[in-house]
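Dear colleague,

Please find below the structure I am handing over to you. My notes on it follow directly after.

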Amino acid sequence: MRFKVAGLHIAVIVASLIFAVAASAGTISLVGFGDSLMAGYQLPPGDGFPEKLQAALKAKGVDISIANAGVSGDTTAGGLARIDWSIPDGTNGVILELGANDALRGIPPEESEKNLDQMIARLKERGIAVLLVGMLAPPNMGGDYAARFNPIYQKLAQKHGVALYPFFLDGVVLNAGLQLEDGMHPNSKGVDVMVERMEPAITQFLATISTVKN
């Protein structure tokens, strides 16, 4: 219990520092770069992950803008092809979420890893911070595929020294009430769960951006 209370105090202090830095430095500019999970597939306008995350952070006093650069059906190869022109100059950080469609299509994980590796490298070369968002291979792809696919996000985060959120659909993937009828994409309530679970990681990510920019 003492550990939890101490952790909460630290989180509050960090958040306060972020808000103070953000207020003095101007609007923090993020881009949510990914596939249909980021784009807000079949959701009403404003219910996508970037939009709801932005609203949640603004409600806590963070001066932030999060652009939605999600493209339904995109693979890591597609993301690599558009990463340069999809992320405008002046962007402070990117939430990089790709790989789900690679796994669904059975694309060799080594190719997915190589594409993500290049995307991270290109963003870092531009001085843009990266929060890498992991995915898990679907069970029907088998244990061998999962053993090759699932670890690539941790490997890349360690290689490049970037922040990692292990699984984008945490809390949603096994709950039918938080999914669309296709059983793959989150509904509006599912996005709320994703935002709530990911917000602490985003807070830490913003602290990193503030440190880098000042």
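The notes below concern one strand, its partners, and the helix and loop that precede it.

Please bear in mind that this is a predicted model.

The central subject is strand β3, residues 93–97. Five of its five residues are buried, so the strand is largely enclosed by the rest of the structure. Gly 93, Ile 95 and Glu 97 point one way from β3, while Val 94 and Leu 96 point the other way. This fits a general pattern: in a regular strand the side chains alternate between the two faces of the sheet.

Strand β3 has parallel partners. Strand β1 (residues 28–34) runs parallel to β3 and is joined to it by five bridges; within this pairing, Leu 30 has Gly 93 as its bridge partner. Strand β4 (residues 129–133) also pairs with β3 in the parallel sense, over five bridges, and Val 94 has its bridge partner in Val 130 of β4.

Turning to helix α4 (residues 76–86), its buried residues are Thr 76, Gly 79, Leu 80, Arg 82, Ile 83 and Ser 86. These buried residues pack against β1, β2 (64–70), α5 (100–105) and α6 (109–125).

The loop between α4 and β3 contains Thr 91. Thr 91 is buried, with a relative accessible area of 3%. A polar atom of the Thr 91 side chain lies 2.7 Å from the backbone oxygen of Pro 88. Apart from neighbours within four places in sequence, Thr 91 is in contact with Ser 29, Val 31 and Ile 128.

With kind regards

Notes:
Residues numbered from 1 in each chain as written. Predicted model: local features only at pLDDT ≥ 70, side-chain atom pairs only at ≥ 80, totals over all residues. Heavy atoms only, no water. Buried < 20%, exposed > 50% of the residue type's maximum accessible area, 1.4 Å probe, protein only. Helix = DSSP H or I, 4+ residues; strand = E, 2+ residues; numbered from the N terminus. Pairing = 2+ DSSP bridges. Contact = heavy atoms within 4.5 Å. Polar contact = N/O pair within 3.5 Å; in protein donor to acceptor, adjacent residues only side chain to side chain.
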